[in-house]
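Q: Before turning to details, could you take me through this model with care, one question at a time?

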Amino acid sequence: MKRSSAWQLLLLAAAAAVVSWVAEVLLTGGGRGSFVPLPAFGVTLVILAIVALALAWPVRAYTTRLRRAQRDESADIAHRDALLRAASARRPEPRMALLALAFAKASTLAGALFSGASAAVVVWLLTRTIVAGQVGEAVFALIASVLLLIAGLLAESWCSLPPEQGDPETGRETEPATPSFG
């Protein structure tokens, strides 16, 4: 699975902002009130960000041990192989690692979508002449959305395997390892 690209996230946020802006125009143009996310929405996004980081933490610990074992240049080959075996012995469950990676990717995409939509709501409310204290709720939703986006990106980076050192038989560098745990 490829990491989320900045352009993809920006396009998602921009599309969500446009859709949210159009929804606000249609709602207020029809005589209804503006759409403002409830505080429970922001709390839910913060909880999802914490869950994304908690799921990815064991994978991070494993990949950190792998990187440390590969980086240990002072050790001879036998010692380095022993470090790699010790790191592999405490490998996380493959299904849990895949779940952590999928949840991290979903959190990143959802964070981008909600950030764009929340930013549009904040701008919409700030451009209105009469706002009844709803800006604070919208800003809280925006902050929670950005936190979810950041947590998803961080969890994605934690779930990436270190690149392999190289093929000892040919001496050529190998392709970077894909985040496959199975």
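Q: In this predicted model, is Ala6 buried or exposed?
A: Residues count as exposed when their relative accessible area is over 50%. Ala6, which lies in helix H1 (residues 6-29), has a relative accessibility of 55%, so Ala6 counts as exposed.

Q: What separates the C-alpha atoms of Ala6 and Ala112?
A: Along the chain, Ala6 and Ala112 are 106 residues apart. In space, the separation of their C-alpha atoms is 10.0 Å.

Q: Which helix gives the largest share of the largest nonpolar core?
A: This core has ten residues in all, among them Leu55, Val59, Leu101, Ala155 and Trp158. Two or more residues come from each of helix H2 (39-71), helix H4 (94-126) and helix H5 (135-158). The largest share amounts to four residues, and the helix that gives it is H4.

Q: With which residues is Ala155 in contact, leaving aside neighbours within four places in sequence?
A: Ala155 belongs to the largest nonpolar core and is listed among the buried residues of H5. Once those sequence neighbours are left aside, the contacts of Ala155 are Ala52, Leu53, Ala56 and Ala104.

Q: What kind of aromatic pair do Trp21 and Trp124 form?
A: The two residues are 103 residues apart, with Trp21 in helix H1 and Trp124 in helix H4. Trp21 is partly exposed at 33% relative accessible area, whereas Trp124 counts as buried at 5%. Planes over 60 degrees apart meet the relevant cut-off, and with 85° between the planes and 5.0 Å centre to centre, the pair is edge-to-face.

Q: What is the angle between the ring planes of Trp57 and Trp158?
A: This pair joins helix H2, which holds Trp57, to helix H5, which holds Trp158, across 101 residues. Trp57 counts as partly exposed at 48% relative accessibility, while Trp158 counts as buried at 14%. The ring centres are 5.3 Å apart and the pair is edge-to-face, because the planes lie at 80°.

Q: Which residue has its charged end over the ring of Trp124?
A: A charge over a ring must come within 6 Å of the ring centre. Here the charged end is 3.8 Å from the centre of the Trp124 ring, and the residue is Arg128.

Q: Over which residues does pLDDT stay under 50?
A: The mean pLDDT of the protein chain is 82, and 78% of its residues reach 70 or more. Where pLDDT is low, the predicted coordinates should not be read in detail. That caution bears on the stretch with pLDDT under 50, for which the model has 27 contacts beyond four places in sequence, namely residues 166-182.

Notes
Residues numbered from 1 in each chain as written. Predicted model: local features only at pLDDT ≥ 70, side-chain atom pairs only at ≥ 80, totals over all residues. Heavy atoms only, no water. Core = buried A, V, L, I, M, F, W, Y, C linked by side-chain atoms within 4.5 Å. Buried < 20%, exposed > 50% of the residue type's maximum accessible area, 1.4 Å probe, protein only. Contact = heavy atoms within 4.5 Å. pLDDT = per-residue confidence, 0-100. Phe/Tyr/Trp six-rings, centres within 6.5 Å; stacked < 30°, edge-to-face > 60°. Lys NZ or Arg CZ within 6 Å of the ring centre and 35° of its normal.
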